[in-house]
Amino acid sequence: MLRKIIHIDEDKCIGCGLCVDACHEGAIAMVDGKARLMRDDYCDGLGDCLPACPTDAISFVEREAAPYDEAAVAAHLAARNGGATACSVPAAAEHRSGCPGSAARTLIDDAPKPAPSPAHQGGCPGSRSRSLNGAPAPAAPVPAARTAAPAATGATDALSAVAAALPNRLAQWPCQIKLVPVQAPYYQGRGLLIAADCTAFACASFHERFMSGNVTIIGCPKLDEGSYTDKLAAIIAANDITSVTVARMEVPCCGGLERAAAEACAQSGKDIPFEVVTFAVNGDVIG
């Protein structure tokens, strides 16, 4: 298939090995003192290795390549980390392969604390399972009779008050990067917020703090096919956009969204304010 994949210029490579450490899929190895892409199907095309290279020896190319194979990566990492296989990993073990941003994590303050589990041993680190402080766990559901009484008026009023105090700040529909038009009236005179899918779920005040006054478009470079760069560049070039803000998670997968937005701004030829806001998985702004 024709897809985006990394290319390593051996003439520029100085053999530092930083890209090997940065590649969460184990796709890069040192061969005769130079970094080399060992198998196409180990490369997810997100390019976490690019910023690690001090000589810019790594770039993206689009060529015929085997599709990314997460199962092959998992087997490769298991073998590299001591021969463990999917069958030999305990059910309670931490996420050990794949994209770190997809790891299951509990955001509940009073959930039972599990026994310590093995450390993350490979794959994309953002998907590592971890427990976070958040809303208390709801009480165990009690089967309700068909004639169950409605919720207390006070509770309903309280929820209505919260909803009224936190209005929806989405300025348009659709909001997916792949679906929004290149040109539309709602872009004019507004800032453009390019947000990773997970950000609004991690940050409780996301609508009010970041979406208000902006056109919000969302995407996930790990799940969406292809690059966002050309589409974003066309949107920025064709409309009176006052600023561009990227809202991303701390996980490496989101680096692709930030790079696409930065490249799009440069490609558009416009000199407008550009900002990146990075969220930890517990919703804190960390950058």
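**Figure 1. Ring pairs join Phe206, Phe210 and Phe279 into a cluster in this predicted model.** Phe206 belongs to helix α5. Phe210 also has its place in α5 (residues 206-211), while Phe279 sits in strand β10 (residues 274-279). In total, four aromatic pairs are counted in the model. For Phe210 and Phe279, the ring centres are 5.3 Å apart and the planes stand at 80 degrees, so this pair is edge-to-face. The pair connects distant parts of the chain, as Phe210 and Phe279 are 69 residues apart. Both of these residues, Phe210 and Phe279, are buried.

**Figure 2. Surroundings of Phe206 in helix α5.** Phe206 has a relative accessibility of 1% and therefore counts as buried. Setting aside residues up to four places away in sequence, Phe206 touches Leu193, Ala195, Thr199, Ala200, Met211, Ala247 and Phe279. Phe279 is also a member of the ring cluster with Phe206 and Phe210. A further pair of positions for this view is Phe206 and Gly283, which are 77 residues apart along the chain and have their C-alpha atoms separated by 9.2 Å.

**Figure 3. The aromatic pair of Tyr186 and Tyr187.** This is one of the four aromatic pairs in the model. The ring centres of Tyr186 and Tyr187 lie 5.0 Å apart and the ring planes are at 55 degrees, so the pair is classed as tilted. An edge-to-face pair needs planes over 60 degrees apart. Tyr187 counts as buried because its relative accessibility is 1%.

**Figure 4. The crossing of helices α6 and α7.** Helix α6 covers residues 229-238 and helix α7 covers residues 255-268; their axes come within 8 Å and cross at roughly 45 degrees. The two helices, α6 and α7, are therefore oblique to each other. Their crossing is right-handed. On the α6 side, the contact is made by Thr229, Asp230, Leu232, Ala233, Ile236 and Ala237. On the α7 side, it is made by Ala260, Ala261, Glu263, Ala264, Cys265, Gln267 and Ser268. By class, the residues in this contact of α6 with α7 are eight nonpolar, three polar and two charged.

**Figure 5. Thr229 of helix α6 and the residues it meets.** Thr229 has a relative accessible area of 8%, so it is buried. Apart from neighbours within four places in sequence, Thr229 is in contact with Ala260, Glu263, Ala264 and Gln267. These four residues are among those that α7 brings to its contact with α6.

**Figure 6. The cis peptide bond from Trp173 to Pro174.** Omega of this bond is near 0 degrees. Pro174 is located in the loop that runs between α3 (153-165) and β7 (190-196).

**Figure 7. Asp32 and Asp56, two loop residues with positive phi.** Asp32 has phi near 55 degrees, a positive value in a residue other than glycine. Its position is in the loop between β2 (28-31) and β3 (34-37). With a relative accessibility of 76%, Asp32 counts as exposed, because the class begins over 50%. Asp56, likewise not a glycine, has a positive phi of about 55 degrees. Asp56 is in the loop between β3 and β4 (58-64). The relative accessibility of Asp56 is 58%, so this residue also counts as exposed.

**Figure 8. Ala29 in strand β2.** At 23% relative accessibility, Ala29 counts as partly exposed. Leaving out neighbours within four places in sequence, Ala29 is in contact with Val20, Lys34, Ala35, Arg36 and Met38. From Ala29 to Arg39 the C-alpha to C-alpha distance is 10.0 Å, for a separation of 10 residues in sequence.

**Figure 9. The whole chain, for reference to the close-up views.** The chain contains seven helices and 10 strands. Of its 287 residues, 39% count as buried. Among contacts in the chain with a separation of 6 or more, 76% are between residues 24 or more positions apart.

Definitions and conventions:
Residues are numbered from 1 along each chain as its sequence is written. This is a predicted model: local features need pLDDT of at least 70, side-chain atom pairs count only at pLDDT 80 or more; totals for chains, interfaces and linings use all residues. Side-chain values use heavy atoms; hydrogens and water are left out. Axes are lines fitted to C-alpha atoms, for helices over the stretch in contact, and angles run from 0 to 180 degrees between N-to-C directions. Angles under 35 degrees count as roughly parallel, over 145 as roughly antiparallel, 65 to 115 as roughly perpendicular and the rest as oblique. A crossing is left-handed if the near helix is turned anticlockwise from the far one by less than a right angle, and right-handed if clockwise. Contact means heavy atoms within 4.5 Å. Ala, Val, Leu, Ile, Met, Phe, Trp, Tyr, Cys and Pro count as nonpolar, Asp, Glu, Lys and Arg as charged, and the others, Gly among them, as polar. Rings of Phe, Tyr and Trp (its six-membered ring) pair if their centres lie within 6.5 Å; planes under 30 degrees apart count as stacked, over 60 as edge-to-face and the rest as tilted. Buried means under 20% relative accessible area, exposed over 50%, partly exposed in between (1.4 Å probe, protein chains only).
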